[in-house]
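Please find below a colleague's note on a protein model, written for a reader who is new to structural description. The sequence and the structure should be consulted alongside the numbered points.

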Amino acid sequence: MNMLVDGEWRTDAYETTNEDGEFDRQETAFREWISNDPDAEFPAESGRYHVYISRACPWAHRVALTRRLNGLTDDISLSLVDAERYENGWRFSETNPDPLYDEEYLRELYTRADPAFTGRVTVPVLWDKETETIVNNESREIMRMLNTEFDGDNGVDLWPEGYRDEVDEILDAIYEPINNGVYRTGFADSQDAHERAAEELFEALDHWESVLADQRFLAGDVFTEADIAMFATLVRFDHVYHTHFKCNRRAIHEYDNLWNYTKEIYQLPGVAETVNIDHITRHYYKTHGDVNPKRLVPIGPDIDFTEPHDRDRLSADLPPALRGEAPVADD
């Protein structure tokens, strides 16, 4: 796998699997925190921060959704890398330029922040324009910062009082078997590792299918960070994970509750604009040559996220902005 080693780009720097053939995700490296304390090293100031994302990446998608639903599009700027990623890593282009420094590759932002950086170059990246450095590149932490440290002023709270412990427990519960589980299934280097990850993935999906039979969202009647994290995986599942990562026991559109849940979230104000199926499919099928050597992009499936859903049969406590009764900011 490609990464930076002491600030130098290497194309053979580390193995993605362990000795048992199991996918081994590298930890993120930048873990500073934006605070609503004006005296903090990174204070929550409107206009100071920028987010680099890929529309293809589920981890970056979490952050883009949190920014949009919290009404922070005027406070935190955002730009894209190209959908496809090859030997030189995430790339900017004329279509998706770097608006801050006109760099060619995202890795140049990493070495701008730390000239001797060693690690993977990943999205999302939360950049401080004032100190010219990366604040954080861990999606779960960026989500939380955008939700708790900035005043979005639209009534949306994705980590509400009374649900916080449960939301954190759910985020933990879905991460390994589902969010990371599709990667553990698809990038496994042994049959045993693949089957173990796939069994855990579908056991977890079956569990949440059962939970969602009786409640609107993962934590009950409120929409939270946990739903954003789940949605970012589910919306990609049938187009890429089912085929490309061989997670093919069942497609999400074959689940009654998970499919209707996915459609409802897609149809919430501001969500559909953050989903780019073309970027998603091109990225996975063209980028992972080890998984898909011919880099052919399938033409299906033919599913429609805008079809009616049945989730209105369950109670929900949604703020006006998520009911379509108040504007959700555009990019």
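The points that follow take up the domains, the core, the sheet, two threonines and the unusual backbone positions.

1. Nature of the model and its division. The structure is a predicted model, and the remarks below should be read accordingly. The protein is divided into domain 1, residues 3–149, and domain 2, residues 163–322. Taken over C-alpha atoms, the centres of domain 1 and domain 2 are separated by 22 Å. To the contact between them, domain 1 gives 27 residues and domain 2 gives 40 residues.

2. The nonpolar core. The largest nonpolar core contains 94 residues, and Leu106, Leu205 and Phe223 are those with the most contacts inside it. Helix α7, residues 225–241, supplies the largest share of this core, namely ten residues. Both domains take part, since the core draws at least three residues from each of domain 1 and domain 2. Which residues does Leu205 contact, once neighbours within four places in sequence are left aside? They are Ile178, Leu234, Phe237, Ile252, Tyr255 and Leu258.

3. Helix α7. Is this helix largely enclosed by the rest of the structure or not, and why? In α7, 17 of the 17 residues are buried, so the helix is largely enclosed by the rest of the structure. The helix also has a kink of about 25°, centred on Val235.

4. Thr224, ahead of α7. Thr224 is found in the loop between α6, residues 191–211, and α7. Its relative accessible area is 0%. Since buried means under 20% relative accessible area, Thr224 counts as buried. Leaving aside its neighbours within four places in sequence, Thr224 is in contact with Leu158, Pro160, Val167 and Ala219.

5. The four-stranded sheet. One open sheet has four strands in the order β4-β3-β5-β6, with mixed pairing. Which strands stand at its edges? They are β4, residues 76–80, and β6, residues 133–136. Each of these has a single partner strand, so one side of each is left without a neighbour in the sheet. Neighbouring strands of the sheet are turned against each other by 35° on average, direction ignored. As general background, strands of a sheet pair through backbone hydrogen bonds, either parallel or antiparallel. Strand β5, residues 125–128, runs antiparallel to β6 and is joined to it by three bridges. Within this region, Trp127 stands opposite Ile134 in β6.

6. Helices across the sheet. Helix α1, residues 58–69, lies across β3 (49–53) and β4, and runs at about 145° to β4. Helix α3, residues 139–148, lies across β4, β5 and β6, and runs at about 85° to β6. The reader may wish to locate both helices in the display.

7. Thr274. This residue is found in the loop between α8, residues 256–267, and α9, residues 277–287. Is Thr274 buried or exposed? With a relative accessible area of 3%, Thr274 is buried. Not counting residues up to four places away in sequence, Thr274 touches Arg55, His61, Ala64, Leu65 and Arg68. The C-alpha atoms of Thr274 and Tyr241 are separated by 19 Å, and the two residues are 33 residues apart along the chain.

8. Cis peptide bonds. Most residues other than glycine have a negative phi, and most peptide bonds are trans. Against that background, two bonds deserve inspection. A cis peptide bond joins Val123 and Pro124, with omega of about 5°. Pro124 is found in the loop between α2, residues 107–113, and β5. A cis peptide bond also joins Gly300 and Pro301, with omega of about 10°. Pro301 is found in the loop between α9 and α10, residues 320–323.

9. Positive phi values. Asp6 is not a glycine, yet its phi is positive, at about 55°. Asp6 is found in the loop between β1, residues 3–5, and β2, residues 8–10. Asp102, also not a glycine, has a positive phi of about 60°. The place of Asp102 is in the loop between β4 and α2. How accessible are these two aspartates? At 56% relative accessibility, Asp6 counts as exposed, and Asp102, with a relative accessible area of 63%, is exposed as well.

Notes
Residues numbered from 1 in each chain as written. Predicted model: local features only at pLDDT ≥ 70, side-chain atom pairs only at ≥ 80, totals over all residues. Heavy atoms only, no water. Core = buried A, V, L, I, M, F, W, Y, C linked by side-chain atoms within 4.5 Å. Buried < 20%, exposed > 50% of the residue type's maximum accessible area, 1.4 Å probe, protein only. Helix = DSSP H or I, 4+ residues; strand = E, 2+ residues; numbered from the N terminus. Domains from an automatic or database assignment. Contact = heavy atoms within 4.5 Å. Bend = angle between axes of the 7 residues up to and from the residue. Pairing = 2+ DSSP bridges. Axes fitted to C-alpha atoms, helices over the stretch in contact; angles between N-to-C directions.
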